[in-house]
Amino acid sequence: PQWAVNDYNVCEAQEMIHCWKEGSESQWHVHMVTNGLDATDRWVNWEIEWFWGSLGTAISATTTTATECLIPANTATKTHLIFEISRPTLTGGKIGAHVWARLRRIANTTPGRNAPTSNPWCSMLQMHVECDTVGSRTTTAK
């Protein structure tokens, strides 16, 4: 879908995969596709609001992170780009933990950083994780 400022998607809850190194750092990122060619640098500001919880524990507080992402001048239209938004650590997290997130495009906040002429597409929000096993011995334990 094309994303205008203030468009958002409440993402489906995701279970941390069973090969995940419990409690390790992860990486939120978006996959974006440009829409048109601008002769000057352009910026898109992505915001993630998210929280998580392991089985049998209280859900974390909500964390909100935003990052202005650069589309360099003269980037061809329909160019697939990936942008890191943040690198959180799920301290104390265990397999079976769930993560809930909302992705939103917000207005740029840095003076002089102009948005692209045409709204970009964003196909997904993902969280990369470090793995330390092939899987787990049970559904709730390594």
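Strands here are DSSP runs of E at least two residues long, numbered from the N terminus. I'm keeping that in my head while I look through this one, which is a predicted model.

**Entry 1: the β5–β6 loop**

I began with Lys78, which I found in the loop between β5 and β6. Its phi is near 65°, a positive value in a residue other than glycine. I checked exposure too: Lys78 has a relative accessible area of 58%, so I put it down as exposed. Asn74 is in the loop between β5 (63-71) and β6 (80-86) as well. Asn74 is not a glycine either, and has a positive phi of about 65°. I flagged both because most residues other than glycine have a negative phi.

**Entry 2: Asp38**

Asn74 led me on to Asp38, since Asn74 turned up among the contacts of Asp38. Where does Asp38 sit? I found it in the loop between β3 (26-33) and β4 (42-53). Is Asp38 buried or exposed? Its relative accessibility is 13%, and the cut-off for buried is under 20%, so Asp38 counts as buried. Skipping neighbours within four places in sequence, I listed its contacts as Ala73, Asn74, Pro116 and Thr117.

**Entry 3: the cavity**

I looked for enclosed space next, and got one cavity of 30 Å³ or more. The largest cavity holds about 90 Å³ of space. It is lined by 15 residues, and those closest to its centre are Thr34, Gly36, Asp38, Ile71 and Pro116. So Asp38 came up again, and so did Pro116, one of the contacts of Asp38. I sorted the lining by class: six nonpolar, seven polar and two charged residues.

**Entry 4: rings**

How many aromatic pairs are there? I counted three. One of them is Phe51 with Trp100, which is stacked, at 5.2 Å centre to centre and 20° between the planes. Phe51 belongs to strand β4 and Trp100 to strand β7 (residues 98-106), so this pair ties together parts 49 residues apart in sequence. I looked up exposure for both: Phe51 is partly exposed at a relative accessible area of 29%, and Trp100 is partly exposed at 28%.

**Entry 5: charges over rings**

Last, I went looking for arginines over aromatic faces. Arg113 lies over the face of Trp43, 3.7 Å from the ring centre. Arg102 has its charged end over the ring of Tyr8, 5.5 Å from the centre of that ring.

Methods
Residues are numbered from 1 along each chain as its sequence is written. This is a predicted model: local features need pLDDT of at least 70, side-chain atom pairs count only at pLDDT 80 or more; totals for chains, interfaces and linings use all residues. Side-chain values use heavy atoms; hydrogens and water are left out. Helices (H or I, at least four residues) and strands (E, at least two) are DSSP runs, numbered from the N terminus. Buried means under 20% relative accessible area, exposed over 50%, partly exposed in between (1.4 Å probe, protein chains only). Contact means heavy atoms within 4.5 Å. Rings of Phe, Tyr and Trp (its six-membered ring) pair if their centres lie within 6.5 Å; planes under 30 degrees apart count as stacked, over 60 as edge-to-face and the rest as tilted. A charge sits over a ring if NZ of Lys or CZ of Arg is within 6 Å of the ring centre and within 35 degrees of the ring normal. On a 1 Å grid over the protein atoms alone, a cavity is a set of points where a 1.4 Å probe fits but cannot get out, and a pocket is an open set with protein on both sides within 12 Å along at least five of seven lines; lining residues have an atom within 4 Å of a point. Grid points are joined across faces, edges and corners, and a volume is the space filled by probe spheres set on the points. Ala, Val, Leu, Ile, Met, Phe, Trp, Tyr, Cys and Pro count as nonpolar, Asp, Glu, Lys and Arg as charged, and the others, Gly among them, as polar.
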